[in-house]
Amino acid sequence: PSDEEKAVLERAKQSIENNTKLSKYTNDKDACDKQLQKVGEDCKNILKLVENVELVNELKKENALNYSYTQKNYPDVTEQDLNNLLVYAKTHYDFGQFTQSLQSLRVYHELNHKSFAEMSHKYQWGLIASYILMLHKGTKKQALMQTYFEEAAALLVEMRKSIDKNTYNAARVALNNAEEEEDAEEEEGEVETNEEEKSKEELNLEKSKAESLHMYKQLRDRLWLLHMSFFVLLSPINFSGKHHQVFDFFCEEDSKSNSKNLSNRLMAVIETESPYLIRYLFGLYIVNRKRKNVYLDQFMKQLLEYVQNHSVMASIEEQYPELYKNDKVLAFIKALYIDVNFDLAIKLRDDVMNDVKGDYLLSRYSQDFSQNLLSLILEHYLCVHKVIQIPSIAKQIGMTDMDAEKRLVQIIRNARLSGKINSDQEIQMGDHMPNFYNHIVEKTERLTNPNALKQAIDQYESSENTSRKIRMKH
């Protein structure tokens, strides 16, 4: 790292030490242990459940871990015990004992029976941070890490929905108070006209400030959550569970079409505040590309449409000129999908690999990038061109004619494209077949609507009756 990068790392390290008690735990372990013992005594009733990790995991899988369960099986647990459990978790987190912190917050998250409107749920930020630290810590317990990954991915979606629902009490209370004061003044009707106008101006100003504060908090929290999401979704865990969890955070359900679309709210934040995160969205696609599924196809299709139709690259060039100049992943995306410059995209492959190997989140997936970059180029090339000269493309990508032909045929099959090779070593592309998974979704999507399902059954019965009559006639 350069001197400037070393200085940034040193400032980050100092910030962590100033905002936590890690250095205190290192220098005065005995005193810290006494403090941990004290906060443990304050919530000893609930710790009986927290420390039984196997039982907690089993109850979570069965969705049986809730406040009612504790009241029945742990009658000594009170509301104060739950509050003390938060202090217990925060203390362990400050002292760097993230395993205990995570286990405590996992239990609290399930036992917390209050609605979001009743409390700020600040603990969720500590919970997602604890998940991240454990996922990146590394352990041989792959099954446990897999559970943590799935829970963290689900928590990201839950937190995003909470932010989207405009549930910040401070802003809402300020607005409600302002409206109540305005109504009270109208009822009294004893204030002079000029004072009334002044009062209304002050109320409008207060409303405006409350709304601005609310919007700022939303933007800030979305931005924080976006950055934290990549530490979860690009964690070292070899994800092999529910594919859709990887992309659920970035998608919103469309009630009209009963489908999932890329979240405009999140993409707007990325475009205006952190356009450099596009590289990590692209990284998510690369990492999960080998798991061919409808969620992946929809995600990448909508991501590319957004990048092509919006000024994301222009925003990066304007706000972060040095980043735009040095980020080879973004340069590759621009060359291939915006400028459709295949020669430049091919030349950028080695630069992209060097860039990825120096990225903390993407470096562990450098093999996925190595295997997929050329496939992406060739797949896009096949979609754009009607006739492909095999010797020409083989020379460009540094392969023999035979190897290039095999690679192109493999890509045509995997992408379910239509093409054939003639005797002149040319591939003639036909009309591109629709993606198989999208085809299935389109055919079955309407069946989720009860009226459409009834209509389909009626049509089937009608056609069966018609067929029966024809057979009887003959």
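This section describes aromatic pairs, charges over rings, the largest nonpolar core and the surroundings of Arg106 in a predicted model.

A search of the whole structure finds 10 aromatic pairs. In one of them, the ring centres of Tyr108 and Tyr123 are 4.9 Å apart and the planes meet at 80 degrees; since planes over 60 degrees apart count as edge-to-face, the pair is therefore edge-to-face. Tyr108 belongs to helix H8 (residues 98–111) and Tyr123 to helix H9 (residues 123–137), so the pair ties together parts that are 15 residues apart in sequence. Both rings belong to residues with little accessible area by the cut-off of under 20% for buried: Tyr108 counts as buried at 4% relative accessibility, and Tyr123 counts as buried at 8%.

Another pair is formed by Tyr131 and Tyr148, with ring centres 6.0 Å apart and planes at 65 degrees, so this pair is also edge-to-face. Here Tyr131 lies in helix H9 and Tyr148 in helix H10 (residues 142–164), and the pair links distant parts of the chain, 17 residues apart. Tyr131 is buried, at 3% relative accessibility, and Tyr148 is buried at 4%.

Arg106 is located in helix H8. With a relative accessible area of 1%, Arg106 is buried. Its side chain makes a polar contact of 2.8 Å with the side chain of Asn57. When residues up to four places away in sequence are not counted, Arg106 touches Val56, Asn57, Lys60, Leu127, Tyr131, Thr147, Tyr148 and Glu151. Both members of the Tyr131 and Tyr148 pair are thus among the residues in contact with Arg106.

Elsewhere in the chain, one aromatic cluster is formed by Phe230, Phe249, Phe250, Tyr280 and Phe299. Within this cluster, Tyr280 also has Arg279 over the face of its ring, at 5.5 Å from the ring centre. A charge is likewise placed over the ring of Tyr360, where the charged end of Arg364 sits 5.1 Å from the centre.

The largest nonpolar core has 114 residues, of which Phe250, Ile278 and Phe282 touch the most other members. Helix H10 supplies the largest share of this core, 10 residues. Phe250 is a member of the aromatic cluster as well. For Ile278, the contacts beyond four places away in sequence are with Met267, Ile270, Leu303, Val307, Val312, Leu330 and Ile333.

Terms used
Residues numbered from 1 in each chain as written. Predicted model: local features only at pLDDT ≥ 70, side-chain atom pairs only at ≥ 80, totals over all residues. Heavy atoms only, no water. Phe/Tyr/Trp six-rings, centres within 6.5 Å; stacked < 30°, edge-to-face > 60°. Helix = DSSP H or I, 4+ residues; strand = E, 2+ residues; numbered from the N terminus. Buried < 20%, exposed > 50% of the residue type's maximum accessible area, 1.4 Å probe, protein only. Lys NZ or Arg CZ within 6 Å of the ring centre and 35° of its normal. Core = buried A, V, L, I, M, F, W, Y, C linked by side-chain atoms within 4.5 Å. Contact = heavy atoms within 4.5 Å. Polar contact = N/O pair within 3.5 Å; in protein donor to acceptor, adjacent residues only side chain to side chain.
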